[in-house]
Amino acid sequence: MAKDINTTNKDITAFIDTLREADPHGYHRVTELFRDFVHSAALAFRQKAYIFMNGEPNMEWEAEYMELERKYPNFKPAFPKAVAIMVTALDEELYDFLGQAYMALEQYNERAGQFFTPQSVSDLIAKQLFQVEKEAFHEEYNSGPLVHRRRCMIHEPACGAGGMMLAITKEMKAIDAPPWKWWFEAIDIDPMCVHMTYIQLSVAGAPGFVFQGNTLGPNLGRDNEPWRTIAGAMFPLRQGNIDANEAAHKEAARKARGPLKLPLNIKRVARIATVANEPAPPVETKPLLKLPLLRKPIPRKKD
């Protein structure tokens, strides 16, 4: 049974109490604690992915993380413990843990219409989208060499805390879809939502990108450098995968459209154009016949 938003969840309560331990004197509001927690945790996971791909840390991200650490006297005991509580809860069941904590703290923006979808609704939508048998999925995405193999592409234009993507991740795990057979792109305009989605999908082992940007903008939300998950670093999306997907989509569209049927006027134009390119046959010319006048002309009177 999926867990919906409530304040009686013991894991959520323990998580929030642990966050408060980072600031024993109460200099910062709990909402600020939560924002800095998701920011620091997202930086830590992002650094792991970066080191995996490049072999060395990103010093700019490292300085950003250390600045957050210096902000709280009990940062090290409290924030890592909060991460452990979150990871343990998500290991037991994939659900929108950080989204529930976010709503429990009443950080959501009512004026902006910011309300997160209950996990049970996200699970239902994901099940409706992925009504596919395990064998059919693997047959669809298992042809050709690995570099040029198609991947199931999933796009989330307003991800929030990532609840919908977590529901889809559960469906992928249910059909034993390995991380090299699918890829996601999640977008949100709110930086904190980007951090929450990135953390939870990194813990869930989902391969893909999280972008901060406006989906309705000219770049379709891909305005900034993507946050690549650890699984996305281990199984990156390659140009061969993109080309294979585009070719498959074009072929599917061609089959769905069927043979091209030209309207009558187009057929006529095509026939005229074909005939016009052929040499015209010779035309026999005959002299004009001189027909006799039916009546004599009337002479004019002289003045």
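Here are a few friendly notes on the predicted model shown above.

1. Overall make-up. The protein contains twelve helices alongside four strands. Of its 303 residues, 40% are buried. Among the contacts with a separation of 6 or more, 74% are between residues 24 or more positions apart.

2. The sheet. All four strands come together in an open sheet, and following the order β1-β2-β3-β4 you will find mixed pairing. The edge positions belong to β1 (152-156) and β4 (227-228); each has a single partner strand, so one side of each is left without a neighbour in the sheet. As a reminder, strands of a sheet pair through backbone hydrogen bonds, in either a parallel or an antiparallel way.

3. One pairing to look at. Strand β3, which covers residues 208-212, is joined to β4 in the antiparallel sense over two bridges. If you want a place to start on screen, find V210 and look opposite to W227 in β4.

4. A helix over the sheet. Helix α8 (residues 163-174) lies across two strands, β1 and β2 (182-188). Relative to β1, helix α8 runs at about 160°.

5. The surface. About 19100 Å² of the protein is exposed, with carbon and sulfur atoms supplying 57% of that area. Which residues make the nonpolar surface patch of about 300 Å²? They are F52, M53 and M234. To locate F52, go to helix α2, which spans residues 30-54.

Terms used:
Residues are numbered from 1 along each chain as its sequence is written. This is a predicted model: local features need pLDDT of at least 70, side-chain atom pairs count only at pLDDT 80 or more; totals for chains, interfaces and linings use all residues. Side-chain values use heavy atoms; hydrogens and water are left out. Two strands pair if DSSP finds at least two bridges between them. Contact means heavy atoms within 4.5 Å. Axes are lines fitted to C-alpha atoms, for helices over the stretch in contact, and angles run from 0 to 180 degrees between N-to-C directions. Patches are made of residues with over 30% relative accessible area and no salt bridge: like charges are joined within 9 Å, nonpolar side chains (Val, Leu, Ile, Met, Phe, Trp, Tyr) within 5 Å. Accessible areas come from the Shrake-Rupley method with a 1.4 Å probe; for residues, only the protein chains shown count as cover. A salt bridge is a side-chain nitrogen of Lys or Arg within 4 Å of a carboxyl oxygen of Asp or Glu. Buried means under 20% relative accessible area, exposed over 50%, partly exposed in between (1.4 Å probe, protein chains only).
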